[in-house]
Amino acid sequence: MTSYNRRNVLKASAALVGASTLGFPAIVSAQAANIKIGHLTPLTGFLGALGAYAQLGIRMAEEEINAAGGVMGRKIEIMSEDSVNPATAATKAQRMLDRDGVNFLMGEINSASALTIMQVAARNKRFYLQIGARSDALRGKNCNRYTFHVDIPSHVMVYAVGKALVRDNMMKGKKFFTLTADYIFGHDLGSAAKQFFAENGGTVIGDELVATDVTEFSPYLLKIRQAKPDIVCSNLAGNQVTNLIKQYAEFGLPYPIVGFNLNTADAWAAGEGNLSGTWPTVWYHTLDVPSSKTFVANFIKKYGKPPENHAWIEYVALYIMAQAMRETKSTDTDKFIAYLEKETQFDILKGRKGYFRSWDHQLIQEAYPFTVRKKGMAKDKWDFLELGKAVPGPNEPLEVLSVTKEHNTCVM
Amino acid sequence: MQLEFLLEQVVNGLVLGGYYLLIALGLSLIFSVGGVINLAHGAFYAIGAYISLEITKYLGFGPAIVLSPVAVAMLGILFERFLLRRFYAADPILSLLVTFGLAMIAEQLIRMIWGASPISVNMPAVFKGSVFLGDFIFSRYRLLLLAVVVVVLVSIWLLLHKASFGRVIRAGIQKPDMVAALGIRLQPYMTAIVMLGVGMAALGGALFAPITIVHPAMGAEVLTVAFVVVVIGGLGSFWGVVLSALLVGVVRGITINFVPAAGEASMYVLMFLVLMFRPRGLLGERIEKFET
C-alpha cells in the first residue's frame, strides 16, 4: 500500500516537472506581447453581408494559427471593426495605429474606404494589406508603397467574363446596356468594361449610374426596356446586384443579363431560379483543389455553412501575413515590403500559387467565370453556381490578364 | 415616343408610391395621435419580412402575408403598452431616443436570430413575369401589391371616416383634452392605432420581401423614405400621406428617366421644396397640441 502510494507520488512529481518544463516556453510566450492587427471591413450597408463573411474567415485563420503556436512564439490578436464609410474607416485606422498599438492594418471590401485607409497607411508609413476591394485605381493611379492588394482588380473581372462572352458569341456587334455603381469601384469597373467592349466589337447604347443606396430598380428596368439592348450588363456591387437580379427576373425582361462583379454571397441571396448569365469570381467553395477542400470542410464544420469568397480571401490573407512575419522574423513595415516585393510565392488554396507583383503590389492569381446550373441540379441552396475553368489557362502566364506596366499609372 | 416612356415611369411610380404608403401611413397615424415619431417603425417592417419568410416555409406565401402583419400587430400591443405609452406627454427627444434604441436592438436581434447574410424569398411562380397593357409593362407581382394596397387604403379610410372609432381618433388628434372631458379614454384607441400602424409596416415588409432581399438593415433603409413621405404629406391628413407617397414614387421614376444618378436624391429635393413653400406639408392640418 505504501509503495503504491510512493509510486503515485513519484509519478505525480514527474508529471509536474514535465509540465513545468513544457509549460515554461508557453508562459514566456504568453508574456510576450501579442501581435496586434487592425482589421476593418464593412459590416453594415450594401457590403455588410460580405463583411460578415470576411470576419468569419479571418477569425478562423487567427484561431488556427494561434492553436498551432502563433507566430514567432507570439499570439495573433485581430482587432476587427465595422469600417462604416470612407471617413470613419480612415479615423478608425488612425486610432488603431495611435491608441490601440496595432502592428499593421488589414481588410476592407469597399474600394472608397480602402482608398482612405491606404492614405492613412502612407501617412504613417505603416503596412496595410488591402484584402477585398477591387477598384483598379487602388493599384493604379492611387497606389502606394505601403499597401498590397489581395483581391482581383476590376479589369481582371472584366477579362474573365468578357472572354467567356466572346467565346459564346455575345460580344461582337452586340448592343449593351450597363448599370454602374456610382462610386470609385463602379466607375473603374465601368471604364474597364467600356474598354473591353470597344476592343472586342461590342457597343454601349446606354450606361446609367446608380447610387449605392438604390434597392428598387423598376424605373431602371423600364429604361432598359425602352432602349432594347441585346445584353444587359451589371457593374454594380454588393447586394445591389442581388436586388437587380431579383427584380430583373420579376419583370421577366427578354434580354440576357451578365455582369462584371458578383460576390457569391450576393449570388446565393438572389436564390435559385432568379440568377442567370455569366459572372466572375476570385474563388468558389466547389473549387477542385485539395487544400481548398480541406478549408471548406473545416469552415462548414465550424460555422455550419460554406465559406463565401470574402471568407476565403481573408483566411489566406492572414496566412500570407503569418508567413511574411515568420520569414522576416519581424512585424516591421519595410521588411514586409521587401519580402513581398521579392515576388514570393504563396499557397492561396488554388491550382496555382500567387505572388505580389513588385511594381504595383497586386496579387497575381487565377480567376474564374461562373454560370448558373440548370434548375434542379443543385444539391443545396449554395450549389446552384457552376464554376468555369480557371483563367488564365494552365499554359498561359499568370500575368496575362493583368494590366501591363505601360498601361498602369501606378508610380510608387 | 418620349411621352409614352414618361407615362410608363409615372404609372410605375404610382405603384411604388403605393408601397411607400403602406409604411408611411402607420408612421403618420402614430405621430398624429400620439405625438411620437416612431423611429422603430422600420424595425417592424423588417420583423414583418422575417416572420413572413418563416411562415412561407411552412404554410406558403398567402398565409404569410396575412399572418405576419397580425403577429407584428400583437408585438405592437406590447410596444405601445409597455414602452410608447410612457412617452406621450414627455419631451419628444425621449421618445426619439427610445424608439431609435429599440430599432437598433431589433436590428441586432435579427442579426443574432437569422444571421447577417441576406435571405432570399421567392415569389410564387404565378406572379413572376409581366403583363402587357397596350405597350405598358407591369410586373404581375406589383399588380398584386397594388391591389392589396388599395384594399388596405380603402379599409383604413372607412375605419377613420365612417366608423365611431375614426371619429374618436380624429377628435383625439385635434383636441385630446376635449375627448378626455367627454369621458373617453384615448389609450385603447392609441393601442389600436399602433397595432394598425406597425401591422401595415409588417405587411409592407412581407410584400416587398420577394422583390428585394431580406436583411437586418432593411428597416433602417425604408424608414428614411417613410419619414420623408410623412413630412411632405403633412401631419394629421390621411390624403396628405396618400398624395405624398404617390408623388415621391412618381418624382423618383421621372428623375431616373432623365437623370438616373439623381434618382435617390429626388425625394429629398422634393421635401426641401415643399418645406420651403408649405412648412406644414402638402395637406397638413394645423394641430394645436404641436403648435407652441
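1. Let's start with a small detail in this predicted model: right after helix α12(A) comes A:Glu343, and its phi is positive, near 60 degrees. That is worth a second look, since most residues other than glycine have a negative phi, and most peptide bonds are trans.

2. Now the helix itself. Which residues of α12 (residues 333-341) in chain A are buried? A:Phe336, A:Ile337 and A:Leu340 are. Around the axis they cover an arc of only 95 degrees, which places them on the same side of α12(A). The spacing fits a general rule: an α-helix has 3.6 residues a turn, so residues three or four places apart point the same way. As for what sits opposite, the buried residues of α12(A) pack against β5 (147-149), α11 (309-328) and β12 (354-356) of chain A.

3. A:Glu343 has company. A:Leu349 is not a glycine, yet its phi is positive at about 60 degrees. You'll find A:Leu349 in the loop between β11 (345-346) and β12 of chain A. Is A:Leu349 buried or exposed? It counts as buried, because it has 22 C-beta neighbours inside 10 Å and the cut-off is 20 or more.

4. A:Met72 is another non-glycine residue with a positive phi, about 55 degrees here. This one belongs to the loop between α2 and β2 (76-82) of chain A. With 15 C-beta neighbours inside 10 Å, A:Met72 is classed as partly exposed.

5. While you're checking the backbone, look at A:Pro392, in the segment after β15 (385-387) of chain A. The peptide bond leading into it from A:Val391 is cis, and omega is near -5 degrees.

6. Stepping back to chain A as a whole: it has twelve helices and 15 strands. Its C-alpha atoms fill a box of roughly 95 × 50 × 40 Å along the principal axes. The radius of gyration is 24 Å, which agrees with the value near 22 Å for a compact globule of 412 residues. Of those 412 residues, 55% count as buried. Among contacts in chain A with a separation of 6 or more, 70% join residues 24 or more positions apart.

7. How is chain A divided? There are two pieces to keep in mind: domain 1 (32-152 + 287-364) and domain 2 (155-281 + 367-407). Notice that each is written as two stretches of the chain. Taken over C-alpha atoms, the centres of the two domains of chain A are 26 Å apart.

8. Where those domains meet, 23 residues of domain 1 of chain A are in contact with 25 residues of domain 2 of chain A. On the domain 1 side, the elements that give two or more residues are α2, α4 (111-124) and α11 of chain A. That side divides into 13 nonpolar, six polar and four charged residues.

9. Chain B is built from eleven helices and two strands. Reading from the N terminus, the elements run α-α-α-α-β-β-α-α-α-α-α-α-α. The radius of gyration of chain B is 19 Å, close to the 19 Å given by the globule rule for 292 residues, so chain B is as compact as a globular protein of that length. Its C-alpha trace spans about 60 × 45 × 35 Å along the principal axes. Buried residues make up 49% of the chain, and residues 24 or more positions apart account for 77% of the contacts in chain B with a separation of 6 or more.

10. One residue to look up in chain B is B:Met104, in helix α4 (residues 92-114). B:Met104 is partly exposed, with 13 other C-beta atoms within 10 Å. Its C-alpha atom is 9.8 Å from that of B:Leu39, although 65 residues separate the two along the chain.

11. How do the two chains meet? In all, 34 residues of chain A are in contact with 32 residues of chain B. On the chain A side, two or more residues come from each of α2 (48-67), β7 (203-210), α7 (218-227), α8 (239-251) and α9 (264-270). The largest share, eight residues, is from α8(A). By type, this side of chain A has 14 nonpolar, twelve polar and eight charged residues. Helix α2 of chain A thus turns up on both lists, facing chain B and facing domain 2 of chain A.

12. Finally, confidence. The model scores ipTM 0.88 and pTM 0.85. For chain B the mean pLDDT is 90, and 98% of its residues reach 70 or more.

Conventions. Residues numbered from 1 in each chain as written. Chains lettered and ligands numbered in written order. Predicted model: local features only at pLDDT ≥ 70, side-chain atom pairs only at ≥ 80, totals over all residues. Contact = placed C-beta atoms within 7 Å. Helix = DSSP H or I, 4+ residues; strand = E, 2+ residues; numbered from the N terminus. Nonpolar A, V, L, I, M, F, W, Y, C, P; charged D, E, K, R; others polar. Buried ≥ 20, exposed ≤ 12 C-beta atoms within 10 Å, placed from the backbone. Arc of directions from axis to C-beta. Domains from an automatic or database assignment. Rg over C-alpha atoms; globule rule 2.2 N^0.38 Å. pLDDT = per-residue confidence, 0-100.
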